[in-house]
Amino acid sequence: MKVLHLGKFDTLGGIERHVKALATGLKAADNVVVNLVSNDTTATDRHDYYGYLTVRAACWGTPFSLALSPTLPALARELHRDYRFDIVHLHFPDPLGQLAAMALPGPVRRVITWHSDIVKQRWALSTYAPFLRSFVRNAGALIGATPQHFSTSTQIPAGNPQQIREVIPYGFDPASLAPSKESRRKRDELLSRSSKRPLIFAVGRHVYYKGFDVLIRALRDVDADLIIGGRGPLTGALMQLTRDLGLECRVEFAGFIADPVLLAYYEACDVFCMPSVERSEQFGLVQLEAMYCSKPVVATRLGTGVEYVAIDGETGLLVPPKDVSALANALCTLLADNALRVRMGAAGKRRVEEVFSVEQMVRKTVSVYHRVLSSGQTTVGTG
């Protein structure tokens, strides 16, 4: 099959990492895969660093998390002339990706992975919602990573009778955390820290729904050090909060952590924490990474797929979002009990291996593609 992914960006967050793992798996299964995304510069370019073609459309900023890449629809049509795609696979929410897909001819079948409801930009939802519902309703298939993606969404419309709806858990690729000399050196450096306090690790984009400010406040009641990886628009504010609370000596902002050394942080930490505070956090791929490294996870009960990934009391502990005291208590509970951390860490690794493999994700996605292509449905495009 020939598949065009509309993957939003190249390598930034969880959606992008999911698209990379899926596209790599599809290419390995002898499918033709192209990933069309927005660039982080005002130039259009292309690369095959990951083994498949990635085309990056010029971008003039990302106001309200929406990439301003006006050439995306034209690039989609140009790529279709070259490849004659069978499937266009979108990753929602993504209004610009929707426009690009609508620029393709009707015979190109649409598959949508629903990653999250629109949460922050609700002011724009009333205008966009009718177009969103119509487009989603007429897609050949809708995929959610967990049952909660369907059961708790307020924005997924009732599907047409022919639409395929499938739960396909995100796949974790162990190769993404393969050990190396560089990771071992970094791990040893982290383990030799002079404070000898337990270590908590958190990583992600520094945006409103990640809840890193709650974690920093909780640290006042936890005798541990904290490393926060990643960066984003709130990095400066988080650093200032750390200074205001007098925690500079216990909180390290590691910045962007390259894949070759990411393993070191998971191996060195005692507990991994994902303190997200809004329903924008629908899954949390970083949970899979920590669990694969046999680390217990402290996360939040958001009523989303987060609770499908980490099982409360089995692979970690879940607490109410924005509850500083509950978060601190959960961290203290795990840090005080080595046997509990080991037991939960082992359970987490088993769960990743049994439920969240790349192989199952690719196999089930290919099955959905075949079912869509054989269903006889048609879509409406502008091409």
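**Aromatic pairs, a pocket and a cavity**

In this structure, 13 aromatic pairs are found. One of them joins Tyr-83 and Phe-85, whose ring centres are 5.6 Å apart with planes at 20 degrees; planes under 30 degrees apart count as stacked, so this pair is stacked. Please keep in mind that the model is predicted. Below is a friendly tour of the rings, the charges beside them, the spaces inside, and the overall build.

**The Tyr-83 and Phe-85 pair**
- Tyr-83 has a relative accessible area of 26% and is partly exposed, because partly exposed covers the range between 20% and 50%.
- Phe-85, its stacking partner, has a relative accessibility of 4% and therefore counts as buried, the limit being under 20%.

**The Phe-172 and Tyr-292 pair**
- The ring centres of Phe-172 and Tyr-292 lie 4.9 Å apart and the planes meet at 45 degrees, so this pair is tilted.
- This contact links distant parts of the chain, with the two positions 120 residues apart in numbering.
- Phe-172 belongs to the loop between β8 (164-167) and α6 (181-191), whereas Tyr-292 is in helix α10 (residues 285-292).
- Phe-172 is buried, at a relative accessible area of 7%, while Tyr-292 is partly exposed at 21%.
- Tyr-292 also has a charged neighbour: the charged end of Lys-349 sits over its ring, 4.8 Å from the ring centre.

**An aromatic cluster and its charge**
- Four residues, Tyr-170, Phe-283, Tyr-308 and Phe-356, make up one aromatic cluster.
- Within that cluster, Tyr-308 has the charged end of Arg-351 over its ring, at 5.2 Å from the centre.
- Tyr-170 of the cluster turns up again among the residues that line the largest cavity.

**The largest cavity**
- The structure has 1 cavity of 30 Å³ or more, and the space in the largest cavity comes to about 60 Å³.
- Its lining includes His-18, Leu-22, His-89 and Thr-113.
- Further along the chain, Ile-143, Gly-144, Ala-145, Ile-168, Pro-169, Tyr-170, Met-361 and Thr-365 also line the cavity.
- Helix α1 (14-28), strand β7 (141-144) and helix α14 (358-374) each give at least two residues to this lining.
- By class, the cavity lining has 7 nonpolar and 5 polar residues, with no charged ones.

**The second largest pocket**
- The second largest pocket holds about 240 Å³ of space.
- It is lined by 12 residues, and those closest to its centre are Gln-98, Leu-99, Met-102, Phe-131 and Phe-135.
- At least two lining residues come from each of α3 (95-102) and α4 (122-137).
- Helix α4 makes the largest contribution to the lining, with 5 residues.
- Nonpolar residues account for 8 of the lining positions, polar residues for 3 and charged residues for 1.

**The chain as a whole**
- The chain contains 14 helices and 14 strands.
- The C-alpha trace spans about 60 × 40 × 40 Å along its principal axes.
- The radius of gyration is 21 Å, which agrees with the value near 21 Å for a compact globule of 383 residues.
- Of those 383 residues, 54% count as buried, Phe-85 and Phe-172 among them.

Note on methods. Residues numbered from 1 in each chain as written. Predicted model: local features only at pLDDT ≥ 70, side-chain atom pairs only at ≥ 80, totals over all residues. Heavy atoms only, no water. 1 Å grid on protein atoms, 1.4 Å probe; cavity = no way out; pocket = protein on both sides within 12 Å on 5 of 7 lines; lining within 4 Å. Points joined across faces, edges and corners; volume = space filled by probe spheres on them. Helix = DSSP H or I, 4+ residues; strand = E, 2+ residues; numbered from the N terminus. Nonpolar A, V, L, I, M, F, W, Y, C, P; charged D, E, K, R; others polar. Phe/Tyr/Trp six-rings, centres within 6.5 Å; stacked < 30°, edge-to-face > 60°. Buried < 20%, exposed > 50% of the residue type's maximum accessible area, 1.4 Å probe, protein only. Lys NZ or Arg CZ within 6 Å of the ring centre and 35° of its normal. Rg over C-alpha atoms; globule rule 2.2 N^0.38 Å.
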